[in-house]
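This report is intended to be read alongside the sequence and the three-dimensional structure. Please keep both in view while following the text.

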Amino acid sequence: MRHFLPNGKQLVIRTPGIRDAQHCLDCFLQLTQETDFLLYTYAEAKGFDLAAEEAFIASYMNHPNHLFLVADVEGEIAGSLTLNQNRFSKQQHMALLGVAVLHKYWNMGIGRRLLTAAIRWVEEHPVISVIHFEVLSTNERAIQLYRNFNFTEHGRIPQGIRQPDGSWADLVVMSKRIKPL
Ligand SMILES: CC(C)(COP(=O)(O)OP(=O)(O)OC[C@H]1O[C@@H](n2cnc3c(N)ncnc32)[C@H](O)[C@@H]1OP(=O)(O)O)[C@@H](O)C(=O)NCCC(=O)NCCS
């Protein structure tokens with residue numbers, strides 16, 4: 001899918017290939033340095049090397065029940081989205097969402113376009129019907145994005161996150177049923 005950003009640059013939402021591994025890794029490492037809203041710390045992300053990133057991309061290429069999308073802004077990976085079908089058969093109608101965009105691209109509609117593409121994929125999927133995730137209660141931008149898509153907040157896990165500086169944050173549980181079960 002091709003779009004234009006407010007800065008005039010061209011955005012393509014697409015699945016990555018192995019050739020994108022270095023750019024995806026660069027984006028991942030930068031994200032973990034820029035934001036505390038992800039589960040990975042920079043120290044943990046540095047454990048990923050090019051071979052691990054290639055294997056990560058390949059695992060999605062071989063999996064019809066998992067989705068990996070990248071936001072390609074004229075050759076730079078500006079963000080990504082993953083949807084992973086839950087592991088157990090009793091929860092195969094559920095998929096866990098992860099999404100992140102580089103700081104310099106925030107508020108340009110990239111998160112909205114990634115999420116729109118993921119929802120379309122679920123609409124077409126034969127088994128998956130529900131998207132779910134947990135988000136830090138302090139992550140107002142992300143919660144606003146999810147509210148825009150009518151995701152429902154179901155409650156909180158108090159102190160679900162301990163940040164590297166020792167501070168605590170609550171997790172908000174959210175989900176949306178994309179199509180009838
Ligand atoms: C959350 C994230 C993916 C959003 O991506 P994005 O490309 O900036 O999203 P969009 O531009 O499509 O939409 C952002 C929305 O937040 C709104 N917003 C911006 N700043 C805000 C703030 N301080 N408080 C509340 N809403 C805010 C924007 O107005 C926009 O909503 P609108 O379309 O109704 O105007 C991005 O900020 C990010 O990667 N953050 C760090 C990682 C992260 O938090 N991932 C989610 C983990 S659950």
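The account below turns to the sheet, then to selected residues, and then to the surroundings of the ligand.

**The sheet**

The structure is a predicted model. Its eight strands form an open sheet with mixed pairing, in the order β1-β2-β3-β4-β5-β6-β8-β7. The edges are occupied by β1 (2-4) and β7 (152-162); each has a single partner strand, so one side of each is left without a neighbour in the sheet. On average, and with direction ignored, neighbouring strands of this sheet are turned by 25 degrees against each other. Helix α1 (residues 21-34) packs on the sheet, where it touches β3 (66-73), β4 (76-85) and β5. The direction of α1 makes about 85 degrees with that of β4.

Three of the strand pairs are set out in the table.

| Strand pair | Sense | Bridges |
|---|---|---|
| β1 and β2 | antiparallel | three bridges |
| β2 and β3 | antiparallel | four bridges |
| β7 and β8 | antiparallel | seven bridges |

Individual residues can be placed within these pairs. His3 stands opposite Leu11 in β2, and Ile13 has Ala71 in β3 as its bridge partner. For Ile157, the bridge partner is Leu171 in β8. The hairpin of β1 and β2 has five residues between the strands, and in this hairpin Gly8 takes a positive phi near 90 degrees.

Which side chains of β2 are buried, and which are not? In a regular strand the side chains alternate between the two faces of the sheet. Strand β2 (residues 10-14) shows this alternation: Leu11 and Ile13 point to one face and are buried, whereas Gln10, Val12 and Arg14 point to the other face and are not buried.

**A buried residue in β6**

Val135 lies in strand β6. There are 22 other C-beta atoms within 10 Å of Val135, and the cut-off for a buried residue is 20 or more, so Val135 counts as buried. Leaving aside neighbours within four places in sequence, Val135 is in contact with Ala142, Ile143, Tyr146, Leu171, Val172 and Met174. One of these, Leu171, is also the bridge partner of Ile157. Val135 and Leu39 are 96 residues apart in sequence, yet their C-alpha atoms are 9.9 Å apart in space.

**Two residues with positive phi**

Asn150 has a phi near 60 degrees, a positive value in a residue other than glycine. Its place is in the loop between α5 and β7. Gln159 likewise has a positive phi, near 55 degrees, and is a residue other than glycine; Gln159 lies in strand β7.

Are these two residues buried or exposed? A residue counts as exposed if 12 or fewer other C-beta atoms lie within 10 Å of its own. Asn150 has 7 C-beta neighbours inside 10 Å and therefore counts as exposed. Gln159 has 11 C-beta neighbours inside 10 Å, so Gln159 also counts as exposed.

**The surroundings of the ligand**

How many residues surround the ligand? There are 22, and the closest are Phe37, Gly111, Arg112, Glu140 and Gln144. The elements that give two or more residues to this shell are β5 (94-101), α4 (110-124), β6 (130-136) and α5 (140-148). The largest share, six residues, comes from α5. By character, the shell divides into twelve nonpolar, seven polar and three charged residues.

Methods:
Residues are numbered from 1 along each chain as its sequence is written. This is a predicted model: local features need pLDDT of at least 70, side-chain atom pairs count only at pLDDT 80 or more; totals for chains, interfaces and linings use all residues. A residue is near a molecule or strand if its C-beta atom, placed from the backbone, lies within 6 Å of it. Ala, Val, Leu, Ile, Met, Phe, Trp, Tyr, Cys and Pro count as nonpolar, Asp, Glu, Lys and Arg as charged, and the others, Gly among them, as polar. Two strands pair if DSSP finds at least two bridges between them. Axes are lines fitted to C-alpha atoms, for helices over the stretch in contact, and angles run from 0 to 180 degrees between N-to-C directions. Two residues are in contact if their C-beta atoms, placed from the backbone, lie within 7 Å.
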